[in-house]
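This report examines one protein model, part by part. Please keep the sequence and the structure in view while reading.

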Amino acid sequence: MAVAALIVTHGDVGRAMLDSIERTLGSQGDVAVISNEALALDQLVESVQAQLAQRPTIMFVDFCGGSPYVVCRTCRNSLPQGAVISGVNLPMLISFFTKRNKLPFAELVATVKADGLRGIELLTE
């Protein structure tokens, strides 16, 4: 069973990221995008819960501590296998979509996080 993705962000960030991924990798299944724009916290909870099925899911959020993170952290408990990764970036999503059918859940989560971090580089000169 493929691991599902749920991208929950502020504004249109998540939709723009998925659009970029699909331009690179082609159309992706088992993925949903939710924006917190104009949603009260309880509405965001309802939106996230409506997208969660009883299958392994990684929830990608834009940053730790924001409403997408808080909601996904709470909703994760309703899944048999669920993880929340903050700081979503394109290297992380490319890793997820290219490896989700190849790795066991725990290894996938660790690999996606590591690949996301590897995609961050600081150039000062």
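## A shared partner in helix H5

Asp115 and Arg118 lie three residues apart in helix H5, so about one helical turn separates them. Their side chains form a salt bridge, in which the closest N and O atoms are 2.2 Å apart. Arg118 is exposed, because its relative accessible area of 59% lies over the 50% cut-off. Salt bridges with shared partners join Arg118, Asp115 and Lys99 into one network. The model described here is a predicted one, and its values should be read accordingly.

The other contact in this network is the salt bridge between Asp115 and Lys99, with 2.6 Å between the closest N and O atoms. This pair links distant parts of the chain: Asp115 belongs to helix H5 (residues 105–118), whereas Lys99 belongs to helix H4, and the two are 16 residues apart. Asp115 has a relative accessibility of 13% and therefore counts as buried, the cut-off being under 20%. Lys99, with a relative accessible area of 25%, is partly exposed.

## A salt bridge within helix H1

How many salt bridges does the model contain? The count comes to four. One of them joins the side chains of Asp19 and Arg15, with an N to O distance of 3.6 Å. Both residues belong to helix H1 (residues 13–25), and because they are four residues apart, about one helical turn lies between them.

Are these two side chains buried, partly exposed or exposed? Asp19 has a relative accessible area of 29% and is partly exposed. Arg15 also counts as partly exposed, at 39% relative accessibility.

## The four-stranded sheet

Four strands form an open sheet in the order S2-S1-S3-S4, and their pairing is parallel. Strand S2 (31–35) and strand S4 (82–86) are the edge strands, since each of them pairs on one side only. From one strand to the next, the twist averages 20°.

## Strands S1 and S2

Strand S1 (residues 4–9) runs parallel to S2, and five bridges join the two. Within this pairing, Ile7 stands opposite Val33 in S2, and Ala5 has Val31 as its bridge partner. To pass from S1 to S2, the chain goes through H1, and this β-α-β crossover is right-handed.

The two faces of S2 can be told apart by their cover. Ala32 and Ile34 make up the covered face, while Val31, Val33 and Ser35 make up the uncovered one. Val33, the residue opposite Ile7, thus belongs to the uncovered face.

Where is Gly29 located? Gly29 sits in the loop between H1 and S2. With a relative accessible area of 39%, Gly29 is partly exposed. The C-alpha atoms of Gly29 and Ala4 are 8.1 Å apart in space, although 25 residues separate these two in sequence.

## Strands S3 and S4

Strand S3 (residues 57–61) and S4 run parallel and are joined by five bridges. Among the residues of this pairing, Met59 has Val84 in S4 as its bridge partner. The chain reaches S4 from S3 by way of helix H3 (residues 67–75), in a β-α-β crossover that is right-handed.

Which residues of S4 are buried, and which are not? The side chains alternate along the strand: Ala83 and Ile85 point to one face and are buried. Gly82, Val84 and Ser86 point to the other face and are not buried. Val84, the bridge partner of Met59, is therefore on the face that is not buried.

## A nonpolar patch on the surface

Which residues form a nonpolar patch on the surface? The patch consists of Leu25, Leu90 and Ile94, which together have about 200 Å² of accessible area.

Leu90 is found in helix H4 (residues 90–99). Leu90 is partly exposed, with a relative accessible area of 34%. This value satisfies one requirement for joining a patch, because patch residues must have over 30% relative accessible area.

Note on methods:
Residues are numbered from 1 along each chain as its sequence is written. This is a predicted model: local features need pLDDT of at least 70, side-chain atom pairs count only at pLDDT 80 or more; totals for chains, interfaces and linings use all residues. Side-chain values use heavy atoms; hydrogens and water are left out. Patches are made of residues with over 30% relative accessible area and no salt bridge: like charges are joined within 9 Å, nonpolar side chains (Val, Leu, Ile, Met, Phe, Trp, Tyr) within 5 Å. Accessible areas come from the Shrake-Rupley method with a 1.4 Å probe; for residues, only the protein chains shown count as cover. Buried means under 20% relative accessible area, exposed over 50%, partly exposed in between (1.4 Å probe, protein chains only). Axes are lines fitted to C-alpha atoms, for helices over the stretch in contact, and angles run from 0 to 180 degrees between N-to-C directions. A crossover is right-handed if, with the strands pointing away from the viewer, the path from the first strand over the helix to the second runs clockwise.
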